[in-house]
Amino acid sequence: MNKEASITHPENVAEGMELTGAEIVVRALKDQGVRHIFGYPGGAVLPIYDALFQDNELVHVLVRHEQGAVHAAEGYARSTGRPGVVLVTSGPGATNSVTGLTDALMDSVPLVVITGQVATHLIGNDAFQECDTVGITRPCTKHNWLVRDVKDLPRVLHEAFIIATTGRPGPVVVDIPKDVQFKKAKYVGPSHIRHKTYRPRLDPDMDVIRTAMRMMAAAKRPVFYTGGGIINSGPEASRLLRELVKLTGFPITSTLMGLGAYPASDPQWLGLIGMHGTYEANLCTNRCDLLIALGSRFDDRVTGRVDAFSPASKKIHLDIDPAQINKNIRVDLPIIADAARALRAMIKVWKEEKLAADPGLAAWWKQIAAWRAKNSLSFKNSTKLIKPQHAIDRLYALTRGREVYITTEVGQHQMWAAQRFKFEEPNHWMTSGGLGTMGYGLGSNCCMVGAIRIPIPRHCPISSSSRKPMARWEYAPRSRTSSTARSRRCSR
Ligand SMILES: Cc1ncc(C[n+]2csc(CCOP(=O)(O)OP(=O)(O)O)c2C)c(N)n1
């Protein structure tokens, strides 16, 4: 039979029409607003690749290794705020994605990873390229599914996007056996799908917000300690954070994952917190009487010894994930909510109650100025060699005012970039924080299309991008004829 004739073009299909599992995947991705997919083909996903080949809108970015596909999707998600989508085959394709999945789980990156699986009648037979994908990826995903019945496929795919992107974002895996990709079922659109039980709490308790704001107004030595949760909440959270910091006049520091939520050029900015942070950020955290943690999780690179961390402070902790509260550090006032919604409520209460910072804040700033004067990030430059710190300072100076996206590998250069590059906006800094994955930088850099890449010693690709949409054939292998032919097919 003519293969072309057997494939229904998804854009011509009305909801409720019978589609193959592979066509359902393509249609569901499009209905979820997906434009780019990062992937690598294999036997167990070929029906999906065939359906993709028939489609004119989805752009497939062919990678060289499935781990790279997941990192590219992570970079895409971090820089655009949209979920990254990955398509890989069964067995080794799925297992190669595990490092990326773990990385995304630790850094709360929304990903939908679709894996092929052997046909349902072969599951459990040690079939060729079979592995227990849901078993292997259970601890490194927010949720995962093995779809045995094609009738469940539309619902599962839409639920996958809901779970990946709402509440605390994270990676999900949808494992689809090959025979399910061929079978037909009625397509159901996203508007009909609501998860039965999953309801992340988004709005804060206003009584708790009022208590928090009174604690803030009474504090003599307050400091904001922000994290990746502000970035994940979306650009509005960063805007509201700026407003709250200005309203209160408090100093602010951030974790590695939170860089860019507050402009580094602002005088209230103290620089990075923790093991690689500035003297002033760490002494502020240690001596403060009120620590306001916003979308940060008190990880060991920030706290060091937990029994000696910020010993004199009361602690407020805003997080969308209740599991973070009192996990590492006991806090006095938890706020469970989406960061933007909580920040909006905080600003409202501060203004409505006409609150003002305690006059003690002036002495606190005087103390901070003395710590800052130590200039903890200074270094002895050289006339004989280019020091990495100098290189990053020059890159910052030369790219200032342009839209610059930075990705790093892991190690010393990562810390120098975090310390020295002055991030002004969210979603421009892509680095592996929680897992510390070497290989992340190259992969995540591949989502930067139209980017100028400046590799600096030792493994630091820095991208300055005009954020052009990805070209259809971008990153297809060029060297070998056979793989070029394959990539043409798969880059669609
Ligand atoms: C996949 C992986 N393997 C090993 C490590 C451990 N590790 C962390 S930093 C580092 C060295 C990095 O050296 P380089 O890439 O030269 O960067 P530099 O620290 O010199 O800036 C290693 C091996 C890691 N983070 N990730």
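Strands β2 (residues 36-39) and β3 run parallel and are paired over four bridges. Before going further, keep in mind that this is a predicted model. Within that pairing, Phe 38 sits opposite Val 61 of β3. To get from β2 to β3 the chain goes through helix α3 (residues 46-53), and this β-α-β crossover is right-handed. Strand β3 (residues 59-62) is covered on both faces: Val 59 and Val 61 are buried on one side, and His 60 and Leu 62 are buried on the other.

**Around β7**

Now for β7, which has a neighbour to describe on each of two counts. Strand β5 (residues 111-117) runs parallel to β7 and is joined to it by seven bridges; in that pairing Gln 117 has Pro 177 of β7 as its bridge partner. Strand β6 (residues 143-146) also pairs with β7 in the parallel sense, over four bridges, and here Asn 144 stands opposite Val 173 in β7. There is a helix in the story too: β6, helix α8 (residues 153-165) and β7 make up a right-handed β-α-β unit.

How many of the seven residues of β7 are buried? Seven of the seven, so the strand (residues 171-177) is largely enclosed by the rest of the structure. Split by face, Pro 171, Val 173, Asp 175 and Pro 177 are buried on one side, while Val 172, Val 174 and Ile 176 are buried on the other.

Here are the parallel pairings that have come up so far, plus one from the sheet discussed next.

| Strand pair | Bridges | Residues facing each other |
|---|---|---|
| β2 and β3 | four bridges | Phe 38 and Val 61 |
| β5 and β7 | seven bridges | Gln 117 and Pro 177 |
| β6 and β7 | four bridges | Asn 144 and Val 173 |
| β10 and β11 | two bridges | Ile 252 and Trp 269 |

**The six-stranded sheet**

Further along the chain there is an open sheet of six strands, paired in parallel and ordered β11-β10-β9-β12-β13-β14. Its edges are β11 (269-272) and β14 (333-336), each of which pairs on one side only. From one strand to the next, the twist averages 15 degrees. At the β11 end, two bridges link β11 to strand β10 (residues 252-254), and Ile 252 has Trp 269 as its bridge partner in β11.

Helix α10 (residues 206-218) packs on this sheet, where it touches β9 (222-226), β12 (290-294), β13 (314-319) and β14. The direction of α10 makes about 135 degrees with that of β14.

**α10 meets α15**

Helix α10 also has a helical partner. Its axis and that of helix α15 (residues 339-352) come within 9 Å and cross at roughly 60 degrees, which makes α10 oblique to α15. The crossing is right-handed. On the α10 side the contact involves Met 206, Ile 209, Arg 210, Ala 212 and Met 213, and on the α15 side Ala 342, Ala 345, Met 346, Val 349 and Trp 350.

Trp 350 deserves a closer look. Is this residue of helix α15 buried or exposed? Trp 350 has 22 other C-beta atoms within 10 Å, so it counts as buried. Leaving out residues up to four places away in sequence, Trp 350 touches Met 213, Leu 247 and Leu 355. The C-alpha atoms of Trp 350 and Arg 214 are separated by 8.4 Å, although the two residues are 136 residues apart along the chain.

How values were computed: Residues numbered from 1 in each chain as written. Predicted model: local features only at pLDDT ≥ 70, side-chain atom pairs only at ≥ 80, totals over all residues. Pairing = 2+ DSSP bridges. Axes fitted to C-alpha atoms, helices over the stretch in contact; angles between N-to-C directions. Contact = placed C-beta atoms within 7 Å. Buried ≥ 20, exposed ≤ 12 C-beta atoms within 10 Å, placed from the backbone. Right-handed = clockwise from strand over helix to strand, strands pointing away. Parallel < 35°, antiparallel > 145°, perpendicular 65-115°, else oblique. Left-handed = near helix turned anticlockwise from the far one by under 90°.
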